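Here is a short tour for a first reading. Keep the model in view as you go.

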Amino acid sequence: PNLTELDGAVLPPKIGFGAEVEAEKMLPPSSGNFSCNQEAVPMIVNFLKQYFEIYDNDDPAERQALLEAYHNDACLSIVANLMVYYPDKEKQPFDKYMPVSRNLKRINNDKRRDVFKHKKLNVVSQLTELPKTKHLFESFKLDVPIIQPTSLTFSLKGLLKEGDEVFLRGFSRTFVVVPDPKSQFQILNDQLHIRNPSAEQIERI
């Protein structure tokens, strides 16, 4: 690949690609948070604070109060990802999540339907069965890529502490919400990914 001359003839310059950047032209650091419309951010942050205040109750059964936050036709899917490295991985069981994990590479079609929750009663019932948590707000990163008159999509990632053993988890949550005159937003689609925290996330706390 470093050949510049062949049989006395100088070869043309090597063809490169845009992704090949020189060392002095490194990519800029990640901004952490992004929104296509900054005016929407305060509303979303307020919504998330209220949501997780209820979600993080000491008794997961109290998550029933989240019924008003979900649309009648709401959907929920949960994926447990065991691939992310964590030093105490063997001490971080995922047994509460694996039975409801909708990892499409690991489950058959029948289970894909069973673990996919549709209608808000089924969604919130599933949430009450998950372990109790304490989300670490200082770790949150928020992305708001899509804002439309009829819906809004935003993703949240960060860390949470789980259960009495205080397992540290990494998570990402993607919400699709629709306008609601009473509560401002109602969740139409909720996707939860739960995993071990990355080394970078651990260093930041």
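A residue is called buried under 20% relative accessible area, exposed over 50%, and partly exposed in between. Phe137 has a relative accessible area of 37%, so Phe137 is partly exposed.

## The model as a whole

This is a predicted model. The mean pLDDT of the chain is 84. A score of at least 70 is reached by 83% of the residues. Among the elements, helix H3 has the highest mean pLDDT, at 97. Strand S1, residues 5-6, has the lowest, at 73.

The chain holds four helices and nine strands. From the N terminus their order is β-β-β-α-β-α-β-α-β-β-β-β-α. There are 205 residues, and 37% of them count as buried. Take the contacts with a separation of 6 or more: 63% of them come from residues 24 or more positions apart.

## The sheet

Seven strands make an open sheet with mixed pairing. Their order across the sheet is S3-S6-S7-S8-S9-S4-S5. Its edge strands are S3 (34-35) and S5 (117-118), and each pairs on one side only. S3 runs parallel to S6 (residues 133-147), joined by two bridges. Phe34 has Asp143 in S6 as its bridge partner.

At the S5 edge, two bridges join S4 to S5, and these strands run antiparallel. Here Leu76 stands opposite Lys117 in S5. S4 also runs parallel to S9, with eight bridges between them. In that pairing, Ala80 stands opposite Ile194 in S9.

## Two hairpins around S8

S7 and S8 are antiparallel and share 11 bridges. Thr153 stands opposite Val176 in S8. The two strands form a hairpin, with four residues between them. Gly163 sits in the turn and has a positive phi of about 70°.

S8 and S9 form a hairpin too, with three residues between them. They run antiparallel and are joined by 11 bridges. Phe175 has Asp190 in S9 as its bridge partner. How much of S8 is covered? Mostly: 10 of its 14 residues are buried.

## Helices on the sheet

H3 spans residues 120-128. This helix lies across S4, S5 and S8, and runs at about 35° to S4. Its buried residues are Lys120, Val123, Val124, Gln126, Leu127 and Thr128. The cover over them includes H1, S4, S5 and S8.

Is Gln126 buried or exposed? Its relative accessibility is 6%, so Gln126 counts as buried. Which residues does Gln126 touch, leaving aside neighbours within four places in sequence? They are Leu76, Ile78, Val100 and Lys117. Two of these, Leu76 and Lys117, stand opposite each other where S4 meets S5.

## Aromatic rings

The count of aromatic pairs comes to 14. One of them joins Phe137 and Phe140. Two values describe a pair of aromatic rings: the distance of the centres and the angle of the planes. For Phe137 and Phe140 the centres are 4.8 Å apart and the planes make 40°. The pair is tilted. Its two members are not equally covered. Phe137 is partly exposed at 37%. Phe140 has a relative accessibility of 14%, so Phe140 counts as buried.

Both rings belong to a cluster linked by ring pairs. Its other members are Phe47, Tyr51, Phe52, Tyr55, Tyr70, Phe154, Phe171, Phe175 and Phe185. Phe175 is also the residue whose bridge partner in S9 is Asp190.

## Charges over rings

Arginines lie over ring faces as well. Arg173 lies over the face of Tyr55, at 5.1 Å from the ring centre. Tyr55 is one of the cluster members named above. Arg169 lies over the face of Phe94, at 4.2 Å from the ring centre.

Technical notes: Residues are numbered from 1 along each chain as its sequence is written. This is a predicted model: local features need pLDDT of at least 70, side-chain atom pairs count only at pLDDT 80 or more; totals for chains, interfaces and linings use all residues. Side-chain values use heavy atoms; hydrogens and water are left out. Buried means under 20% relative accessible area, exposed over 50%, partly exposed in between (1.4 Å probe, protein chains only). Contact means heavy atoms within 4.5 Å. pLDDT is the predictor's confidence in each residue, from 0 to 100. Two strands pair if DSSP finds at least two bridges between them. Axes are lines fitted to C-alpha atoms, for helices over the stretch in contact, and angles run from 0 to 180 degrees between N-to-C directions. Rings of Phe, Tyr and Trp (its six-membered ring) pair if their centres lie within 6.5 Å; planes under 30 degrees apart count as stacked, over 60 as edge-to-face and the rest as tilted. A charge sits over a ring if NZ of Lys or CZ of Arg is within 6 Å of the ring centre and within 35 degrees of the ring normal.
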